[in-house]
Structures are given as C-alpha cells and as structure tokens.
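Here are some exercises to work through with the model open beside you. Try each task yourself before you read its solution.

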Amino acid sequence: MPELPEVEAYRLLAEGALHREIAMVVAPDPWFLKGGIDAGMLDDVLVGRRFVEAGRIGKLLLLPVEHGPVVGIRFGMTGTLVVDGTSGVDGLLYAPRRHEPAWDRFSIGFADGGSLVVRDPRRLGGISLDPATAGLGPDAASLTVAELTAALAGSKAPVKARLLDQSRISGVGNLIGDEVLWRSGLSPQRAAGSLSTDELRTLHGALAEVIADLLARGGSHLGDLMEERHVGGRCPKDGTELVRATIGGRTSWWCPVHQH
DNA sequence: ATTGTGGCCTGCCCGC
DNA sequence: TGCGGGCAGGCCACAA
C-alpha cells in the first residue's frame with residue numbers, strides 16, 4: 001500500500017519522465033479520472049507538451065505540465081507507477097503480483113517511444129488536474145516537532161486517527177501509523193491532545209526515524225511491527241500478544257503492555 | 001468545527 | 001474441489 005515512502009519512490013522514478021514530449025494519452029477508465037475530467041481533456045492539455053517537474057505532498061504525486069495544468073496522481077492502496085517499463089516499487093503489499101493489461105488505468109506514450117503508466121488493480125487511486133493542495137497538512141517527511149504538536153493539539157480524537165488525517169499531516173498511512181506508535185510506546189487510543197511534551201518529542205523522533213528508514217529502503221518494506229499485524233502476532237519488543245481494534249476507521253494493532 | 005461511519009473498488013485468503 | 005464471505009486501506013461523502 002503506497003504511503004509516503006512509496007510515493008516518494010514514484011516521484012523519483014517520475015523524474016525520468018520529465019522534459020520528454022508527450023505523444024499519446026490512454027485513459028480507458030472513466031472511474032479513474034477524478035474531478036469531472038475525461039480522456040479528451042487529458043489529450044488536450046498533455047499531447048505535444050512535457051512534464052516539467054515531479055513533486056509530492058504526502059501521498060499525492062504532482063506533475064506540472066509546461067503551459068498547462070498540474071497532473072495529480074493518487075495511488076490508493078494498490079497503485080504503482082511504471083516508467084519505461086520500470087516499476088517504482090516491487091512487491092507492493094496487498095497488491096497482486098501478476099499483471100493484467102486492464103490494470104493499466106492511465107498511460108502516457110512519449111514521442112521517444114517510452115511510457116509512463118499508472119497501474120492499479122483495485123482502482124482506488126485516480127488522476128486529477130490541478131488538485132487542491134491547500135487542504136493538505138505539512139508533509140510527514142519534513143515535519144517539525146512544532147508542526148506535530150499543532151496537528152495533535154486540543155483534539156479528543158484518538159492519536160492514531162489524527163496521524164492518519166491528511167488535512168493535519170500528509171503522508172502517514174495505517175501501517176506507518178501503527179509502527180510509529182509502537183516505537184513510541186503510545187496507545188493508538190490515546191486522545192491526540194493528551195500527549196505530554198516528552199511524548200510528542202518521542203513520537204516526532206519515531207516518525208522521522210521510520211520515514212527516513214523506509215525512504216532509504218525505497219519504500220519496498222515496512223517496519224518491525226509489520227510482520228506481527230495478524231491474529232496471534234506478538235510484540236517484537238516484549239513478546240506480548242498484540243491486540244486489535246478499529247480506530248479512525250482502520251485496523252490498528254498494538255502492544256497492550258508497553259503502549260499506553 | 002470536529003469526530004465518526006459507511007461505501008467505493010477488487011483480488012486474495014480462509015473456512016466450509 | 002469449488003464457492004462465497006470477509007478482509008485489506010486510501011479517500012470521500014455524509015451524519016451527528
């Protein structure tokens with residue numbers, strides 16, 4: 001499931017697609033086109049032009065077009081980017097290994113013969129033009145302690161839910177959320193606004209550490225808790241059987257002994 | 001405004 | 001062996 005590190009890997013890959021003339025756009029799935037756009041509009045704004053930059057806010061990939069709009073790409077949980085046949089991440093969690101041509105929801109053919117393809121079996125991602133970015137919180141990869149504090153302050157919602165709220169912090173998904181809370185010794189059920197200064201500092205350190213770690217691994221692996229997120233799974237720290245609950249609409253796993 | 005819930009999508013896993 | 005229900009999670013619409 002693409003969270004921030006995976007999308008950053010896609011962004012790096014997309015840098016290889018810059019400044020190349022776009023010759024063709026294939027967008028066969030109307031469902032995948034968001035915000036009232038259609039294949040004809042994409043043709044109009046893309047063909048004959050080039051991407052000039054590869055940007056990212058949280059899990060949103062941003063590809064501005066010369067003299068044109070910004071193409072926004074979301075990957076849902078099974079989406080991957082393929083440039084010139086090279087996939088941004090291999091072995092995406094929860095996504096099938098095999099490949100069906102029908103899973104190519106959006107493709108660009110460059111005049112030089114190369115291509116940029118968004119492949120998404122479950123169709124939870126999508127393409128938009130000039131996506132709104134004002135409502136997104138600061139990117140988790142460069143989040144400061146003060147920004148984290150502000151994102152959590154005064155809230156009675158569970159801290160896990162706030163971490164996943166993209167309007168507060170961009171880029172944290174369910175698995176990174178569980179991992180950083182586990183490393184911080186914080187229960188996902190804790191009220192977000194109840195964290196002490198020390199706890200906020202610890203949480204910020206864990207978040208920075210996990211994201212740096214995953215970025216270094218190219219987004220293809222997740223943290224230490226990952227393998228134990230199942231029935232009967234045990235805390236890698238103290239061996240306690242993990243507990244599970246739905247928090248913020250997502251399955252959370254945590255250690256009832258060392259996370260409070 | 002804040003917080004919670006349900007639905008979307010579809011491949012895969014487990015139990016029958 | 002085949003079948004079907006439940007599950008996965010990012011994101012959005014909507015409710016309270």
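## Exercise 1: Two cysteines

Cys235 is buried, with a relative accessible area of 3% (buried means under 20% relative accessible area, exposed over 50%, partly exposed in between, with a 1.4 Å probe and protein chains only). Before going on, note that this is a predicted model, where local features need pLDDT of at least 70, side-chain atom pairs count only at pLDDT 80 or more, and totals for chains, interfaces and linings use all residues. Residues are numbered from 1 along each chain as its sequence is written, chains are lettered from A and ligands numbered from 1 in the order in which they are written, and side-chain values use heavy atoms, with hydrogens and water left out.

Task: Explain why Cys235 and Cys255 form no bond.

Solution:
- Step 1. Recall that a disulfide is a covalent bond between the sulfur atoms of two cysteines. Here the test is a pair of cysteine sulfur atoms within 2.5 Å.
- Step 2. The cysteine sulfur closest to that of Cys235 belongs to Cys255, and at 3.8 Å it is too far for a bond.
- Step 3. Cys255 is buried too, at a relative accessible area of 0%.
- Step 4. Searching the whole structure gives zero disulfides.

## Exercise 2: The two sides of helix 3

Task: Find which residues of helix 3 are buried, and which are exposed.

Solution:
- Step 1. Locate helix 3 at residues 145-152 (helices are DSSP runs of H or I, at least four residues, numbered from the N terminus).
- Step 2. Leu148, Ala151 and Leu152 are its buried residues. They lie on the same side of helix 3 because they cover an arc of only 90° around the axis, taken from the directions from the helix axis to the C-beta atoms.
- Step 3. Ala146 and Ala150, on the other side of helix 3, are exposed.
- Step 4. The buried residues pack against helix 4 (159-164) and helix 6 (197-216), where contact means heavy atoms within 4.5 Å.
- Step 5. Just after helix 3, look for Gly154, with its positive phi of about 75°.

## Exercise 3: Meeting the DNA

Task: Work out which part of DNA strand B comes within 4 Å of the protein.

Solution:
- Step 1. DNA strand B is surrounded by 15 residues, with Arg123, Leu124, Ser155, Lys156 and Arg162 the closest (a residue counts as near if one of its heavy atoms lies within 4 Å).
- Step 2. Of the strand's atoms that come within 4 Å of the protein, 81% belong to sugar and phosphate.
- Step 3. A polar side-chain atom of Arg162 is 2.6 Å from a phosphate oxygen of DNA strand B.
- Step 4. A polar backbone atom of Lys156 lies 2.9 Å from a phosphate oxygen of the strand.

Notes:
Polar contact = N/O pair within 3.5 Å; in protein donor to acceptor, adjacent residues only side chain to side chain.
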